[in-house]
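Reader: I'd like a close look at one part of this model, the second chain, and how far I can lean on it before I set anything up. Could you walk me through that, then put it in context with its partner?

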Amino acid sequence: MPRIFITGLGFITSIGNSSAVVEQNLRELRHGFVSHPAFAADPIPVKVAAPVRDFKTDAEDPEDWTIPAPYSVKRDQLRSLSPNALYATCAMQQAIADAKLAPEDVSNDDTGLYAASAGSPGMLARQVNRMNQHGVMRCQPLGVVASIAGTVQFNLVAHFKIKGASTGFTSACAASAHAMGFAIDEIALGRQKRMFVVGAEDGNVETILPFAAMRALSLNPDPATASRPFDKRRDGFVGTGGATVLVLESEAEVLRRGVTPYAEVLGWGQASDGHNVAIPHPDGAGLISAMRKALAVTGVTPADVDYINAHGTSTPMGDAAECKAVRTVFGEHAARVAMSSTKALTGHGLSLAGAMEAGFCALALKRGFIPGSAHISELDPACEGIKIPRTTLAEQPRIVLNNSSGFGGANVCVVLKQVA
Amino acid sequence: MPSAAPSTATPAHVPLTAEAEIALRESLRRCSAKTVDAAVAYGQTGAPQHIPAIIIGIIERFVEPELRPRLAADCDDLRVIEDLGLDSLTMMEIVMLVEEVTQTKIENDELRGLVTIGDIKIFVDCRARGVTPPAPAKVILGDELRNRMPITAPFLFLDEARVSPTLATASYRITGQEFFLAGHFKGNPVMPASIMLEALGQLGVLHLLAGLAVEPGKVVGVATIFFASTDGVRCHRVCKPGDVLTLTLKPKRVKEPLAVYTGSIRVGQEKAISAEEITLTFGIIDAPPAPEPTPTPAAEPALAQAPVAATAAPSVPSTAVPTPAA
């Protein structure tokens, strides 16, 4: 199996739209939460969200959106973009520049793109409303492309002239981790030399608030404490959006191009709870299996692992189940291995989460730090027995795991290693 | 929302309500003030003279800023897709806005025939007046083109042509294999200006043969057409192998025995050559008796009965309504 490396990153997130700003905020534990103006109305019990910075994509017509410099998108591209596809387009430009890829490196038979998003519920709702109000033939001609679940890869594959493998993943909060896993496999199987992995979410009223009725969102109105994974008083997740793009390349490509990778990708594992459509297995059964598979295929033992970027969404049940799973897999090593949830800073990006947090892990491996788990004032006893640092540690991790879990009980674990 | 007026009867005009005017202004908010004024005036009066300004204004809104000046001059011959750089999806956006503002309905098969700005203007104008729009220009290419023309390789310089009574357009790609390029010039193949005029003349031949209405029982004699004169020729750009020439020819006066045209050739957005006048002579003769109907295989009756539709309809790739892949 060829060795695989992460050679480029692009971030459009609630904690920054560049690797430099993201790293600074991870080190200083600065969060991206605000009292969201769109949630201000009294009947909405949820008040806090982590909006994407500097972009404004609320308007129905994309030509009214605010796109910050240096990004600009021509009208004939903009008309088929959902907000998340716009964020992904910008993150993709960053990642391409970061990996120092020439246009011919991006567009060839050996370079593919896997994306994860749930589509754009907001765009879809507007499209259906328009159809009902103005008639079938008065809808935007590209309304379908701009709204359904594949919108991110439709747009990116066409705009960046991708010629290799492309598809989308829809396993909700595990989706971009799945995209990364199968992208790893494409390179491992020798089918592709390079893969772009894209996670993207609108992060607006339509993607976040439907989780309120499920009682999954935090009702805490304080932006400074609403997202507090592993804290005793956590009461749900806080929504966010944006996009992250990772560039994965085979060792041969890394050597040919002479670039310095962020991290090596050792492999991944996945397993399902087989339990409930929306509730995690109380013991983390699927996550246990996913982590064990990831360790087995990569030849990594619990003793080798320095850091776990937890799924840790700040829901009462999810965090407890994950801690149980980690204690089960790591046994005596649980008290030594550091675990944190960066969702305490970013909020939960749903389909974006896996790729965004794999990006954070790559930054941590390259730049030598272990992100702390913010906003814990009193650790939940259910989360004891694991080392959960409250501040970012200036320690060089060597091997890290990134966990993601999604609806239907899907669990994914990706293993990354420092490039020595 | 008011519903679209029936397209066959003369629409009885119902002036805009205040509410509809607000909706109209919202729909046109990215268009120039002039366009909005024309649309509101049209909405209030139903007077078709406002239609050209509405059409131009709506197209302008979708055209990249650097190409907008082209819409200022006489632009009826501009092809929306080839000359203004709009794709067929943008064409659909334009059509939707035109439909909304003018309360007309343009069906998919009608849309295929609307290639130039003039086509759209005439179509919407006819709809607004309640008359049937003219049939779209005929596309002639391949064997049909070669069979119709009295000229053949290696001296035929038309690949594909569209001919209507008021306009003929064609394209020709300079392959580099043209015999005269070996000597014009030594080691530097350049399309001779005289050959480019010849190509315009050939398009005139096709217009006379395919686009001219003559009385029943008569036709333009293929062997009667000859080049007579040209005037006001200007060359603007050197054309070389690989260039695709876009020919435009407009009849100024056509009366046996003379047909006078004004013509120009562009490569992409660049003007290559223009001629104020190109004159051909021609004669009208009795139509030859119709050939004996040849027996057709039973499996293909529809094709045999409708040769024009069979050749013309599917051959407009650049303007065909796209079929989404999934």
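Author: In this predicted model, confidence across chain B runs from strand β5 (residues 226–235) of chain B, which has the highest mean pLDDT of its elements at 95, down to helix α10 (residues 307–312) of chain B, which has the lowest at 34. The stretch covering residues 296–326 of chain B has pLDDT below 50, with 24 contacts in the model beyond near neighbours in sequence. Over residues 1–10 of chain B, pLDDT also stays under 50, and the model has 14 contacts there beyond four places in sequence. Where pLDDT is low, the predicted coordinates shouldn't be read in detail. Taken as a whole, chain B averages a pLDDT of 82, and 85% of its residues score at least 70.

Now for the layout. Chain B is divided into domain 1, spanning 18–129, and domain 2, spanning 138–286. Going by C-alpha atoms, the centres of domain 1 of chain B and domain 2 of chain B are 31 Å apart. There's also a nonpolar core of 70 residues, with B:V63, B:L111, B:I120 and B:V220 among them. That core is separate from the largest one in the model.

That largest core has 119 residues, and the members that touch the most others are A:A88, A:A179, A:V197, A:V198, A:L246 and A:L248. Helix α13 (residues 353–367) of chain A supplies the largest share, ten residues. To pick one member, A:A88 touches A:A115, A:V152, A:L156, A:V198, A:A200, A:A243 and A:V245, leaving aside residues up to four places away in sequence. In soluble globular proteins, nonpolar side chains tend to be buried together.

As for the rest of the partner, chain A has 13 helices and twelve strands. Its radius of gyration is 20 Å, close to the 22 Å that the globule rule gives for 420 residues, so chain A is as compact as a globular protein of that length. Along the principal axes, its C-alpha atoms fill a box of roughly 65 × 55 × 40 Å. Of the 420 residues of chain A, 59% count as buried. Take the contacts in chain A between residues at least 6 apart in sequence, and 79% of them join residues at least 24 apart.

Finally, the place where the two chains meet: six residues from chain A and nine residues from chain B make the contact. On the chain A side, those residues divide into two nonpolar, one polar and three charged. For the complex, the predictor gives an ipTM of 0.76 and a pTM of 0.81.

Key. Residues numbered from 1 in each chain as written. Chains lettered and ligands numbered in written order. Predicted model: local features only at pLDDT ≥ 70, side-chain atom pairs only at ≥ 80, totals over all residues. Contact = placed C-beta atoms within 7 Å. Nonpolar A, V, L, I, M, F, W, Y, C, P; charged D, E, K, R; others polar. pLDDT = per-residue confidence, 0-100. Helix = DSSP H or I, 4+ residues; strand = E, 2+ residues; numbered from the N terminus. Domains from an automatic or database assignment. Core = buried A, V, L, I, M, F, W, Y, C linked by C-beta atoms within 7 Å. Buried ≥ 20, exposed ≤ 12 C-beta atoms within 10 Å, placed from the backbone. Rg over C-alpha atoms; globule rule 2.2 N^0.38 Å.
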